[in-house]
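I opened this model to look up how its chains are arranged and what lies inside them. My entries follow in the order in which I went through it.

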Amino acid sequence: MITLTSDFGSPYPAAMKGVVLQRTDARLVDIAHDLPRQDVRAAAFWLREVVPHYPPAVHLVVVDPGVGTDRAAVVVRVGHHAFVAPDNGVVRPAARALDGDVEVFEIGVENPASSTFHGRDVFAPAAAEVHEAGVENIESLENVTPAADCVDLTLPDATVEGDVAHGEVLVVDDFGNAITNVPGGFVADAASVLVNGERAPVEPSYAHVAVGKRLVTVASHENVELAVNQGRGADAFGVRPGDDVTVKK
Amino acid sequence: MITLTSDFGSPYPAAMKGVVLQRTDARLVDIAHDLPRQDVRAAAFWLREVVPHYPPAVHLVVVDPGVGTDRAAVVVRVGHHAFVAPDNGVVRPAARALDGDVEVFEIGVENPASSTFHGRDVFAPAAAEVHEAGVENIESLENVTPAADCVDLTLPDATVEGDVAHGEVLVVDDFGNAITNVPGGFVADAASVLVNGERAPVEPSYAHVAVGKRLVTVASHENVELAVNQGRGADAFGVRPGDDVTVKK
Amino acid sequence: MITLTSDFGSPYPAAMKGVVLQRTDARLVDIAHDLPRQDVRAAAFWLREVVPHYPPAVHLVVVDPGVGTDRAAVVVRVGHHAFVAPDNGVVRPAARALDGDVEVFEIGVENPASSTFHGRDVFAPAAAEVHEAGVENIESLENVTPAADCVDLTLPDATVEGDVAHGEVLVVDDFGNAITNVPGGFVADAASVLVNGERAPVEPSYAHVAVGKRLVTVASHENVELAVNQGRGADAFGVRPGDDVTVKK
């Protein structure tokens with residue numbers, strides 16, 4: 001199985017798939033191709049949320065603001081999973097969320113600055129080759145060499161001091177929910193909280209407030225989420241990815 | 001085969017797919033994940049249009065404004081098809097459109113109010129289990145019990161009195177075509193009709209009028225559709241889903 | 001393998017897939033369903049870019065502004081590939097880009113003007129039948145007859161006179177990059193060029209200019225592209241598909 005994740009929109013991912021299918025009969029599963037453009041942190045967040053739900057697979061990931069620079073191309077192996085991606089940290093949070101040691105390999109790229117479509121010309125063939133060799137046999141690939149490490153990326157942690165948590169908005173999802181880095185446990189015993197100074201109820205899910213009303217909830221990602229029942233929480237709370245969020249009990 | 005239908009946008013459906021693929025090698029086919037948010041009627045309409053074209057399959061459907069309330073989770077079997085969905089009627093029109101008796105089962109949910117992502121944690125595992133057991137063996141599943149019935153949902157019918165039909169807009173499709181519930185046969189013998197008082201020609205297809213011009217046609221769903229050749233009929237006719245439509249011959 | 005390409009948005013392609021899967025177990029791969037509406041030239045461009053990366057396949061293509069007119073439905077065979085499409089030229093540039101002679105067959109359509117959803121009712125069954133018969137056995141299909149030719153469509157060429165190239169914008173991609181028909185080789189030796197009178201640097205890839213800055217580059221399609229690093233080139237250069245572009249060294 002090969003999963004595909006990018007910020008390519010349409011139809012560029014279809015060219016990657018053709019290249020992969022020239023080399024393997026593997027099942028292909030799209031994770032997303034409409035991730036926020038060149039936003040490595042958002043992609044890292046979503047991969048961390050989604051990949052741990054998958055059986056062993058090769059994960060082809062291309063969110064790559066550094067394409068055409070000398071950033072490396074890497075294969076990151078964790079247990080029976082392998083990520084094939086630019087070396088910008090995008091797969092690190094997901095790799096940490098899986099069971100196993102993280103091993104890094106570098107993909108030889110003949111002419112890194114020559115092409116603007118490394119997804120098709122570098123990463124897609126590499127993902128197919130890793131799949132065909134088997135994740136346990138990455139060492140056998142000619143074009144791949146062990147590497148000491150790869151770029152790290154850590155999603156920021158919130159700080160909790162007594163009744164106040166200082167965090168930030170990590171991403172805004174397609175529903176408009178603002179997902180913060182404040183741990184859900186912080187609001188577990190609260191009936192309501194102040195979010196950046198404005199009070200909102202803490203509820204187990206959206207339908208516990210009237211349509212159009214704001215709430216604070218702990219969604220599937222186990223973080224504090226700023227939401228509106230059948231509306232866009234990010235707009236109602238006036239926040240965007242990267243904005244500071246103070247939650248006070 | 002498991003089809004997937006939701007209003008989740010991206011990338012949440014990918015988490016559902018991972019959960020399914022942990023449990024089965026079934027072929028997965030996306031019907032849509034960009035349905036109008038929490039619009040049970042629109043989803044019911046599209047499932048009724050699309051599902052009858054499929055071979056026997058398990059249909060995982062999550063359009064669920066009641067998530068986190070005590071609404072039940074159901075499996076609905078019709079012939080060799082099974083739907084796994086929240087008990088809000090979303091699959092009833094499609095179930096009626098298939099051949100066979102409708103049988104209903106309830107899925108045991110441990111803590112209905114605890115999670116905002118039942119698609120991943122309740123419905124995806126249930127769909128995989130139904131697929132692995134086989135649609136004819138739903139009774140054998142531990143977590144599923146026969147139920148007397150499930151919530152019904154009926155798409156409204158138009159009323160036809162002589163030369164006048166009173167109906168409404170059911171959905172607006174991606175092209176901007178306004179699909180009404182007025183039966184296509186009503187306009188079969190008309191060269192033109194009055195739609196909410198304004199005259200428009202009745203044509204067999206879009207290209208029979210000039211680009212940008214309005215028409216009334218009977219599209220693949222066999223209902224009266226308000227359209228514009230290479231344009232947005234809903235805008236030109238000034239209608240939205242749920243709006244009344246009077247068609248006069 | 002059957003690839004699917006359309007301008008149908010969602011969820012109409014799912015009905016086509018059901019029809020196909022009633023008739024074959026072939027792997028299905030979506031190329032795109034969000035191509036610019038009824039824009040035959042844009043679809044022809046993207047198919048030419050993407051299809052040559054695929055292994056032998058049946059390519060189901062429905063971008064069809066003439067649906068409901070008497071335009072024919074065709075199968076176009078090139079080597080081990082076959083295209084099933086309306087006869088409007090949409091597959092010609094891709095067919096020319098593949099190795100092999102182009103052979104044309106016409107699909108018998110009982111009542112061409114009767115339906116507005118030929119994708120589901122005409123092209124999807126035909127694609128499944130071609131796949132099941134095998135691309136080398138199209139002649140054996142009852143409903144398909146050899147044809148002398150099909151509608152041609154040629155993407156326009158730029159003219160180069162010394163230091164000046166006159167071309168046009170072929171498409172604007174999802175990133176907002178304006179892809180022209182000026183051959184990349186024309187700017188290979190230039191440090192900067194005048195695009196419609198305004199100077200912009202020629203760079204190997206986006207990251208060679210600051211975020212938000214304009215550049216001229218030669219992307220994967222090997223044509224001159226008007227771009228902005230992490231922005232929308234078409235907006236910055238003020239051009240749309242079909243607009244003239246003069247590039248002066």
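Entry 1, domains. The model is a predicted one, and I began with chain A, where the centres of domain 1 and domain 2, taken over C-alpha atoms, are separated by 32 Å. I looked up the bounds as well, and the domain assignment of chain A places domain 1 at 2-147 and domain 2 at 159-248.

Entry 2, overall form of chain A. I counted 5 helices and 15 strands in chain A. Along the principal axes, the box filled by the C-alpha atoms of chain A comes to roughly 60 × 35 × 30 Å. I then checked the radius of gyration, which is 20 Å for chain A and agrees with the value near 18 Å that a compact globule of 249 residues would have. Of those 249 residues, 52% count as buried in chain A. I also looked at how far apart in sequence the contacting residues of chain A are: among contacts between residues at least 6 apart, 64% join residues at least 24 apart.

Entry 3, symmetry. Which turn lays chain A on chain C? I found a turn of 120° with a shift of 0.0 Å along the axis, and the RMSD of this superposition is 0.0 Å. That is the relation of a three-fold axis. For chain B on chain C I noted a rotation of 120°, again with 0.0 Å of shift along its axis and an RMSD of 0.0 Å. I then asked which residue of chain A comes closest to the rotation axis, and A:R27 does, with its C-alpha at 5.3 Å. In chain B the residue that comes closest to the rotation axis is B:R27, also with its C-alpha at 5.3 Å.

Entry 4, contact of chains A and C. I listed 23 residues from chain A and 21 residues from chain C in this contact. On the side of chain A that touches chain C, helix α1 (residues 12-21) gives the most, with 6 residues. I sorted the residues of this side of chain A by type and obtained 9 nonpolar, 11 polar and 3 charged.

Entry 5, contact of chains B and C. Here I listed 21 residues from chain B and 23 residues from chain C. In chain B, β2 (28-32) and α2 (40-50) each supply at least two residues of the side that touches chain C. By type, the residues of this side of chain B divide into 12 nonpolar, 6 polar and 3 charged.

Entry 6, the nonpolar core. In soluble globular proteins, nonpolar side chains tend to be buried together. In the largest nonpolar core I found 249 residues, of which A:V75, A:V84, B:V75, B:V84, C:V75 and C:V84 touch the most other members. I followed C:V84 further and, leaving aside its neighbours within four places in sequence, noted contacts that include C:V58, C:L60, C:V75, C:F123 and C:V130.

Entry 7, a loop residue. Is C:F175 buried or exposed? I counted 21 other C-beta atoms within 10 Å of C:F175, so this residue is buried. C:F175 lies in the loop between β9 (164-172) and β10 (178-183) of chain C. I also noted that C:F175 and C:R232 are 57 residues apart in sequence, while their C-alpha atoms are 6.2 Å apart in space.

Definitions and conventions. Residues numbered from 1 in each chain as written. Chains lettered and ligands numbered in written order. Predicted model: local features only at pLDDT ≥ 70, side-chain atom pairs only at ≥ 80, totals over all residues. Least-squares fit on C-alpha atoms with pLDDT ≥ 70 in both. Contact = placed C-beta atoms within 7 Å. Helix = DSSP H or I, 4+ residues; strand = E, 2+ residues; numbered from the N terminus. Nonpolar A, V, L, I, M, F, W, Y, C, P; charged D, E, K, R; others polar. Rg over C-alpha atoms; globule rule 2.2 N^0.38 Å. Buried ≥ 20, exposed ≤ 12 C-beta atoms within 10 Å, placed from the backbone. Core = buried A, V, L, I, M, F, W, Y, C linked by C-beta atoms within 7 Å. Domains from an automatic or database assignment.
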